[in-house]
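Biologist: Please take a close look at one part of this model. I would like the nonpolar core, then the backbone oddities.

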Amino acid sequence: MDLIAALDLGDLAAAFARLPVFPVFDLGYFIVSLLYLKYEKGAVELSRNSPLASWVCAMLYCFGSYILADLLLGESPIDYFSNNSNILLATAVWYLIFYCPLNLFYKCVSFLPVKLIFVAMKEVVRVRKIAAGVHHAHHHYHHGWFIMVITGFVKGSGVALMSNFEQLLRGVWKPETNEFLHMTFPSKASLYGALLFTLQQTQWLPISKATLIFFFTIFMIICKVFLTATHSHGSPLAPLENVVCPILFGSASHDNHHHHHHHPHPHGGSQEPSLLSPPQMPAKSREELNEGTRKRKAKKVE
């Protein structure tokens, strides 16, 4: 902490935490979110055939985390739609991405150098949402650690946790894409971030919220910009997870190997290979067979 104070990083973090996210950072968040929507199969056709359904999907991509968090905390799921400025801004971005003549707006914002700027802006909003979600849950449940973590996780993950519901609006059903089954890096990072902000909120992490927001935002920006620039779908956390997860939760490959070498008995038990079939008598050698034949011939001659 003394080092942070000496480098004036504390003041920088406090100034950064006071920056309003609307409209600049929210604009970047909406643009990147709706770009991902347009990448989805059938999204463009849906915008032509049913603009209302397309708009609802767009609002879920932009505000799905608020809707789900409000549901978990027992509040109105449409409460956030009272923010007219945010709804109008998100609607304008949706219209320009899907209906701008000659796709000019889409071509401009999807140009990689420009897109990377918006990706960085989206991560600023994501971290703020995680911190706000933990603070909101702490206001309702002062000692509900798990509720704080879950709310922060939901706020940061966005529409990913509602992807199956959003797919139904587009007439698609892909249950294998459930985010809990195959968590992406943003969802994993949101979970870890929610845990850190919960520890900070309950004063178990000796660091200010502004400093945590600052450093976690830098971490998220670096990771997401790198993944987007390299078109990678991996996770920077994978090396650590590959070491820790087999120790804590076991190895899937080891379980499969064990399963193949120990077949279960039909009645629930297991037997050794020698008990599965009766023992085979050793076959007679060729010399023994020839000797027996010669003895039988000798008896006939006698």
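Modeller: The core comes first, and the unusual backbone spots follow.

This is a predicted model, where local features need pLDDT of at least 70, side-chain atom pairs count only at pLDDT 80 or more, and totals for chains, interfaces and linings use all residues. Residues are numbered from 1 along each chain as its sequence is written, and side-chain values use heavy atoms, with hydrogens and water left out.

The largest nonpolar core holds 63 residues. Such a core is a set of buried Ala, Val, Leu, Ile, Met, Phe, Trp, Tyr and Cys residues joined through side-chain atoms within 4.5 Å. Buried means under 20% relative accessible area, exposed over 50%, partly exposed in between (1.4 Å probe, protein chains only). F30, L34, L37, F63, I97, F185 and F197 touch the most other members. Helix α5, residues 51-72, gives the most to this core, with 12 residues. Helices are DSSP runs (H or I, at least four residues), numbered from the N terminus.

Now F63. Leaving aside residues up to four places away in sequence, F63 touches F30, Y80, N86, I87 and A90. Contact means heavy atoms within 4.5 Å.

Next, the backbone. Most residues other than glycine have a negative phi, and most peptide bonds are trans. F22 and P23 are joined by a cis peptide bond, with omega about 5°. P23 sits in the loop between α2 (9-17) and α3 (24-39).

Another loop runs between α6 (84-99) and α7 (104-109), and L102 is found there. Phi of L102 is positive, near 60°. L102 is exposed, at 69% relative accessibility. N103 is found in the loop between α6 and α7. Its phi is also positive, near 60°. N103 is partly exposed, with a relative accessible area of 26%.

How values were computed:
Helix = DSSP H or I, 4+ residues; strand = E, 2+ residues; numbered from the N terminus.
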